[in-house]
Amino acid sequence: MTVTNHQFRLAARPVGLPKREDWSYTEEPVREPADGELLVKVLYLSLDPAMRGWMNEGKSYIPPVGLGEVMRAGGVGKVVSSKHPGFKAGDFVMGTFGVQEYALSNGKGVVQVDPRIAPLPVYLGTLGMPGFTAYFGLLDIGQPKAGETVVVSGAAGAVGTVVGQIAKLKGCRVVGIAGGPDKCRFIVEELGFDAAIDYKSDDVKKALRTHCPKGVDVYFDNVGGDILDAVLTQINLRARIIICGAISQYNATGPAKGPSNYMSLLVNRASMTGMIVFDYADRYPEAAREMAGWLTAGKLKSREDIAQGFQTFPETFLKLFKGENTGKLVLEVAKD
């Protein structure tokens with residue numbers, strides 16, 4: 001019996017928000033793995049803002065997705081057939097499998113995951129790249145100290161929710177910036193943030209002065225643009241700013257908006273550092289162990305926003321840029 005693999009391949013370089021026409025929906029028969037390969041049935045796909053950058057041509061920290069190639073995406077799935085010595089049929093695994101129903105892999109970058117420790121979608125969020133981004137970005141670059149004030153933008157997203165909770169574990173005052181009253185309530189009432197700023201309705205600069213009366217010591221930036229500018233006016237001496245992402249700029253059709261208040265870095269002898277989680281790949285097990293321990297102990301909460309239907313990928317992906325997801329956006333491809 002021949003099994004068919006459906007895929008979304010990049011058909012065009014988007015201008016502004018991606019459209020369904022920027023991908024082609026294709027199918028091909030699934031072949032058996034060759035020696036050294038494994039075949040994975042993809043169960044869940046990770047939808048991340050970084051994917052928008054991977055669609056653009058040009059130099060970046062990772063090569064762009066080529067036209068005609070399966071759209072790059074992380075996923076978790078189940079090994080259905082293996083000729084790889086490190087994996088057997090029935091194993092649950094995580095890797096960069098792409099936006100498709102089945103993936104053949106040589107095993108590079110593929111790791112086993114245990115659904116008895118956490119549900120599979122958690123391995124795409126808190127125990128995956130977003131969680132590792134939060135862990136290393138905040139702790140290695142931000143170096144928060146008890147009693148300091150940490151501000152995080154995109155606070156109700158996959159990375160921001162984890163950043164704020166880790167900062168609380170380290171004894172910091174945490175202020176999150178999010179869009180809409182529901183998200184603001186969520187990060188305060190469910191995740192334990194000290195305060196929330198609704199960028200859609202609040203005067204962000206004024207709210208920062210209110211909720212950060214001692215200024216900002218660490219800022220974890222996921223959005224860039226005007227929010228970054230506003231926070232720069234409130235930073236303290238030797239503040240640390242982590243540039244993780246700039247979702248407000250990813251679909252811009254003109255030049256990206258840079259920080260106009262960058263002189264505050266000089267005045268306050270502050271640092272602004274970009275971070276890419278792949279730089280910490282050799283330390284992923286460290287982050288996974290500690291955060292799994294926090295999850296088990298109830299010190300860390302994980303939130304997944306799970307959408308269903310593989311064919312909805314183009315529309316579901318856009319939820320990231322419309323602010324329609326809370327927590328980690330995951331697309332369910334198939335039931336186990």
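Hi everyone, this is a short tour of one sheet and one buried residue in the structure above. Please keep in mind that we are looking at a predicted model.

Let's start with the sheet. It is open, it has six strands, and their order is β10-β9-β8-β11-β12-β13, with parallel pairing. As general background, strands of a sheet pair through backbone hydrogen bonds, and they can do so in a parallel or an antiparallel way.

So which strands stand at the edges? They are β10, residues 195-198, and β13, residues 271-274. Each has a single partner strand, so one side of each is left without a neighbour in the sheet. On average, neighbouring strands here are turned by 15 degrees against each other, direction ignored.

Now pick out β8, residues 149-153, and β11, residues 216-221. These two run parallel and are joined by three bridges. If you'd like a pair to find on screen, try Val150, whose bridge partner in β11 is Val218.

A helix packs on this sheet too: α2, residues 129-142. It touches β8, β11, β12 and β13, and its direction makes about 145 degrees with that of β11.

Let's move on to our residue, Asp48. You'll find it in the loop between β3, residues 38-46, and α1, residues 50-54. Is Asp48 buried or exposed? Its relative accessibility is 18%, and the cut-off for buried is under 20%, so Asp48 counts as buried.

What does Asp48 meet there? Its side chain has a polar contact of 2.6 Å with the side chain of Ser46. Leaving aside neighbours within four places in sequence, Asp48 is in contact with Pro130, Phe317, Leu320 and Lys328.

Thanks for listening!

Methods:
Residues numbered from 1 in each chain as written. Predicted model: local features only at pLDDT ≥ 70, side-chain atom pairs only at ≥ 80, totals over all residues. Heavy atoms only, no water. Pairing = 2+ DSSP bridges. Helix = DSSP H or I, 4+ residues; strand = E, 2+ residues; numbered from the N terminus. Axes fitted to C-alpha atoms, helices over the stretch in contact; angles between N-to-C directions. Contact = heavy atoms within 4.5 Å. Buried < 20%, exposed > 50% of the residue type's maximum accessible area, 1.4 Å probe, protein only. Polar contact = N/O pair within 3.5 Å; in protein donor to acceptor, adjacent residues only side chain to side chain.
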